[in-house]
Amino acid sequence: MVLGADGPSAHTALEQLMRARLGRECLYVPSCRLGLYVALRHWCPPGGRVLMSPVNDDVIFFVVLAAGLRPVQAPLSARDGSVDPAAVPDEDWDGLSAVLTTNLYGNPDPAPELRARCTRLGIPLLEDAAHAIGSEVAGRPVGTFGDASVFSLSKHVGAKAGGFLALADQGLRGALEKARDDLLDPPRLSAELAYALRPYAEATVRGLRLTTAARATMKLLGMQERDGIRMDLRPGELTRALTTAPGLDDFHSWVRVDMHDYRTGAGRPRLRRIERLLGRLDARLDAHRAGTGKLLATQWALPSPGPVQPLFRVPLLVADRDAAVARLARHRITVGYLYDPPLDTYAGAAFTDPSPAPAQAAWFARHALPVDPLRADDVIRILAGTERAPGGPSGG
């Protein structure tokens with residue numbers, strides 16, 4: 001099976017664009033989540049333990065479980081939600097099969113420290129760079145430290161589909177390309193039509209101010225499926241699914257949330273649109289960087305060392321996050337990408353090893369208000385004089 005209806009050449013141009021940006025071999029995948037599953041299956045033996053962030057999308061949690069692996073939740077910095085390697089106990093490092101970064105909202109995890117630790121342990125570092133396609137750490141792009149990294153084209157690029165699996169060892173491309181193709185569903189006309197209609201549906205949703213009918217349209221297109229921040233865990237079903245792992249089929253209802261065609265091959269019109277949008281990425285990154293700079297200068301942001309990153313979302317820290325979300329919503333600014341509660345609270349010890357220091361992650365998840373830097377001026381105007389910064393983590 002090949003990725004698209006028109007064969008591998010249909011996505012060669014996309015891979016070349018990303019290869020030039022990273023200096024690494026890049027394999028196109030229909031979604032970041034499928035790319036991550038391919039990487040986990042290649043580098044980690046079933047039953048292995050993977051260190052990851054508890055402030056993360058629950059879809060990623062289910063991808064790790066589907067790969068037949070045990071998530072181990074890491075302690076975080078309350079500053080930006082990044083993994084804190086120094087706070088990971090020695091016993092948690094022992095027996096790991098891999099470390100998975102998150103680079104939450106585009107704030108880089110400490111990749112050089114994690115790379116050095118993984119090298120000493122002889123385990124792979126896998127970078128989830130879905131939010132961080134333009135971020136850098138130690139003068140290098142996020143995604144160039146790990147044995148593999150995954151990128152999303154649904155975030156900064158705005159393509160609402162597609163991603164890349166980037167490889168440190170280009171000699172692995174053939175094996176991982178086959179693993180990808182073995183997991184793919186063939187392109188479907190219905191999926192291509194839904195993709196073509198999605199921008200118009202989103203414009204309609206905005207025009208209707210998220211009315212009941214608009215929400216129903218979004219759900220029909222697989223654009224919005226969560227009634228709350230986290231999806232329903234369904235522990236009984238999840239326990240049964242774990243008996244069949246590794247494998248995607250019994251985890252499909254969790255992994256497909258908000259992206260029903262996550263493992264569906266793409267037709268040429270979709271790939272052409274993605275290529276056009278990817279070609280405009282640098283201008284988008286400049287706009288994200290400018291908005292990030294404005295938001296980081298406000299009272300709700302903690303000072304960050306180093307140059308301003310082109311964050312996908314800027315996590316402002318506010319005392320009453322829910323009130324701030326509601327206030328922005330009244331001005332038609334939607335706040336998404338909330339990850340509260342942390343995964344160890346959400347899933348419990350039956351499905352994950354809890355963080356040894358959960359308070360920092362809980363505080364960050366409760367107070368983080370991730371806002372779009374492209375709406376920086378509006379956000380600052382709306383929140384001015386109404387929101388206060390929270391107390392520190394020890395008091396939170």
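1. A residue counts as buried when its relative accessible area is under 20%, and W254, at 1% relative accessibility in this predicted model, therefore counts as buried. The points below take up the aromatic residues around W254, then the cysteines, the largest cavity with its strand, and the second largest pocket.

2. Seven aromatic pairs are counted in the model. One of them joins F61 and F62, whose rings lie 5.5 Å apart centre to centre with 75° between the planes, an arrangement classed as edge-to-face. Both partners are buried, because F61 has a relative accessibility of 0% and F62 likewise stands at 0%, which places each under the 20% limit.

3. A further pair is made by F251 and W254, which is tilted, with 6.1 Å centre to centre and 50° between the planes. F251 has 0% relative accessibility and so counts as buried, as does W254 at 1%. Ring pairs link these four residues, F61, F62, F251 and W254, together with Y346 into a cluster.

4. On the cysteines, a search of the whole structure finds zero disulfides. Two cysteines may be noted for their burial: C26 is buried, with a relative accessible area of 0%, and C32 is buried as well, with a value of 10%.

5. Three cavities of 30 Å³ or more are found when the whole structure is searched, and the largest cavity holds about 100 Å³ of space. Its lining is made up of R79, D80, N107, L296, A301, L302, S304, L311, V314, P315, L316 and L317. By class, eight of the lining residues of the largest cavity are nonpolar, two are polar and two are charged.

6. Which strand gives the most to the lining of the largest cavity? It is β10, residues 314–317, with a contribution of four residues. In a regular strand, side chains alternate between the two faces of the sheet. In β10, V314 and L316 point one way while P315 and L317 point the other way, and all of them are buried. A reader inspecting the cavity may therefore wish to view β10 from both sides, since V314, P315, L316 and L317 all appear in the lining.

7. Strand β10 is joined by four bridges to strand β11, residues 368–371, and the two strands run antiparallel. Within this pairing, L316 of β10 has L369 of β11 as its bridge partner. L316 thus appears in the lining of the largest cavity and also in the pairing with β11.

8. The second largest pocket contains about 460 Å³ of space. Of the 20 residues that line this pocket, P108, S304, P305, P307 and Q309 are the closest to its centre. The elements that give two or more residues to the lining are β6 (136–137) and α12 (281–296), and the largest share, three residues, comes from α12. The lining of the second largest pocket divides into eight nonpolar, eight polar and four charged residues. S304 is listed in the lining of the largest cavity and is also among the residues closest to the centre of the second largest pocket.

Conventions
Residues numbered from 1 in each chain as written. Predicted model: local features only at pLDDT ≥ 70, side-chain atom pairs only at ≥ 80, totals over all residues. Heavy atoms only, no water. 1 Å grid on protein atoms, 1.4 Å probe; cavity = no way out; pocket = protein on both sides within 12 Å on 5 of 7 lines; lining within 4 Å. Points joined across faces, edges and corners; volume = space filled by probe spheres on them. Nonpolar A, V, L, I, M, F, W, Y, C, P; charged D, E, K, R; others polar. Buried < 20%, exposed > 50% of the residue type's maximum accessible area, 1.4 Å probe, protein only. Pairing = 2+ DSSP bridges. Disulfide = S-S within 2.5 Å. Phe/Tyr/Trp six-rings, centres within 6.5 Å; stacked < 30°, edge-to-face > 60°.
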